[in-house]
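Colleague: Could you take a close look at one part of this model for me? I would like to hear about the charged contacts first, and then about whatever surrounds them.

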Amino acid sequence: MTVDPNAATRGFPEPARRGPHPARYLVPALVGGAVAVGLGVYGKVHDPAGTAFDLAGFSSTGAVKAWLASAAMFFALVQLVSALMLYGKLPGPGWSAALHRWSGRAAFLIAVPVAVHCLYALGYQTYETRVMWHSVLGCFFFGAFSAKMLLLRWERLPGWLLPIVGGLVFAVLTVIWLTSALWFFRTFGVTT
């Protein structure tokens with residue numbers, strides 16, 4: 001018996017198409033959790049060095065961190081506005097997608113030296129409420145950011161997922177800025 005590959009086939013019903021299984025979102029969540037916990041553990045067991053970097057023109061490493069964190073926060077605000085443009089909530093130019101990508105890259109690249117200094121020079125500390133929240137949320141930020149970057153590479157995401165994760169990353173960065181840079185400027189003045 002031979003089979004004709006060009007013969008008409010009987011119409012079988014298409015299987016019901018469902019979205020991706022929710023368990024697949026566990027991978028970015030677990031990676032993000034591992035990043036956050038890993039940073040926290042390193043910060044806790046590492047003996048703080050007191051300083052990690054110093055830039056000429058600044059009076060202290062605290063001033064450097066406050067200004068770099070403020071620059072990262074500025075680019076995060078650009079991220080928020082450009083995301084609202086991308087989702088049609090605000091009018092925007094055709095290049096708002098590029099603005100969103102590049103402002104995110106800038107915010108991250110500026111935030112990395114601040115985080116390195118915090119972890120290496122100060123470590124994970126809990127001696128007062130502000131510092132404890134700053135430590136917890138600093139680790140959480142990089143974990144949530146890692147999860148967001150992994151989600152960006154996946155296809156067929158629910159339309160609500162990236163705005164929720166992006167909004168969470170923005171909110172956490174805002175609280176980190178409030179507990180560090182704004183605190184520094186209010187305590188020591190707006191100095192360089």
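How many salt bridges does the structure hold?

Modeller: Happy to. Please keep in mind that this is a predicted model. The structure holds one salt bridge. Its partners are Arg130 and Glu128, and their closest N and O atoms are 3.4 Å apart. That pair counts as a salt bridge because the distance falls within the 4 Å allowed between such atoms. Both residues are partly exposed: Arg130 has a relative accessible area of 21%, while the value for Glu128 is 36%.

Arg130 belongs to a helix, since α4 covers residues 129-152. Met132 lies in helix α4 too. With a relative accessible area of 25%, Met132 is partly exposed. Leaving aside neighbours within four places in sequence, Met132 is in contact with Gln125 and Thr126. There is also a longer link to look at: the C-alpha atoms of Met132 and Thr179 are separated by 9.7 Å, although the two residues are 47 apart along the chain. Thr179 falls in the range of helix α5, residues 161-188.

To place this part in the whole, the chain has five helices and zero strands, so the order from the N terminus is simply α-α-α-α-α. Of the contacts with a separation of 6 or more, 74% join residues 24 or more positions apart. Buried residues make up 33% of the 192 residues.

Helix α4 also takes part in the interior. The largest nonpolar core has 14 residues, and those touching the most other members are Phe141, Phe142, Val172, Leu173 and Ile176. The elements giving two or more residues to this core are α2, α3 (96-122), α4 and α5. Leu173 shows how the pieces meet: leaving aside its neighbours within four places in sequence, Leu173 is in contact with Ala72, Met73, Ala76 and Phe141. Apart from this core lies another, of six residues, including Ala66, Ala69, Ala181 and Phe184. As a general background, nonpolar side chains in soluble globular proteins tend to be buried together.

You may also wonder about the cysteines. The count of disulfides is zero. Cys118 is in no disulfide, and the nearest cysteine sulfur, that of Cys139, is 9.6 Å away. That is too far for a bond, because a disulfide needs the two sulfur atoms within 2.5 Å. Both cysteines are buried, Cys118 with a relative accessible area of 15% and Cys139 with 8%.

Finally, the outside. The accessible surface of the chain comes to about 12,300 Å², and 69% of that belongs to carbon and sulfur atoms. One nonpolar patch of about 350 Å² is made by Leu77, Leu80, Val81, Leu84 and Leu90. Leu80 is found in helix α2, residues 61-86. At 36% relative accessibility, Leu80 counts as partly exposed.

To come back to your request, the charged contact is the pair Arg130 and Glu128, and helix α4 is also among the elements that give two or more residues to the largest nonpolar core.

Conventions:
Residues are numbered from 1 along each chain as its sequence is written. This is a predicted model: local features need pLDDT of at least 70, side-chain atom pairs count only at pLDDT 80 or more; totals for chains, interfaces and linings use all residues. Side-chain values use heavy atoms; hydrogens and water are left out. Helices (H or I, at least four residues) and strands (E, at least two) are DSSP runs, numbered from the N terminus. Buried means under 20% relative accessible area, exposed over 50%, partly exposed in between (1.4 Å probe, protein chains only). Contact means heavy atoms within 4.5 Å. Accessible areas come from the Shrake-Rupley method with a 1.4 Å probe; for residues, only the protein chains shown count as cover. Patches are made of residues with over 30% relative accessible area and no salt bridge: like charges are joined within 9 Å, nonpolar side chains (Val, Leu, Ile, Met, Phe, Trp, Tyr) within 5 Å. A salt bridge is a side-chain nitrogen of Lys or Arg within 4 Å of a carboxyl oxygen of Asp or Glu. A nonpolar core is a set of buried Ala, Val, Leu, Ile, Met, Phe, Trp, Tyr and Cys residues joined through side-chain atoms within 4.5 Å.
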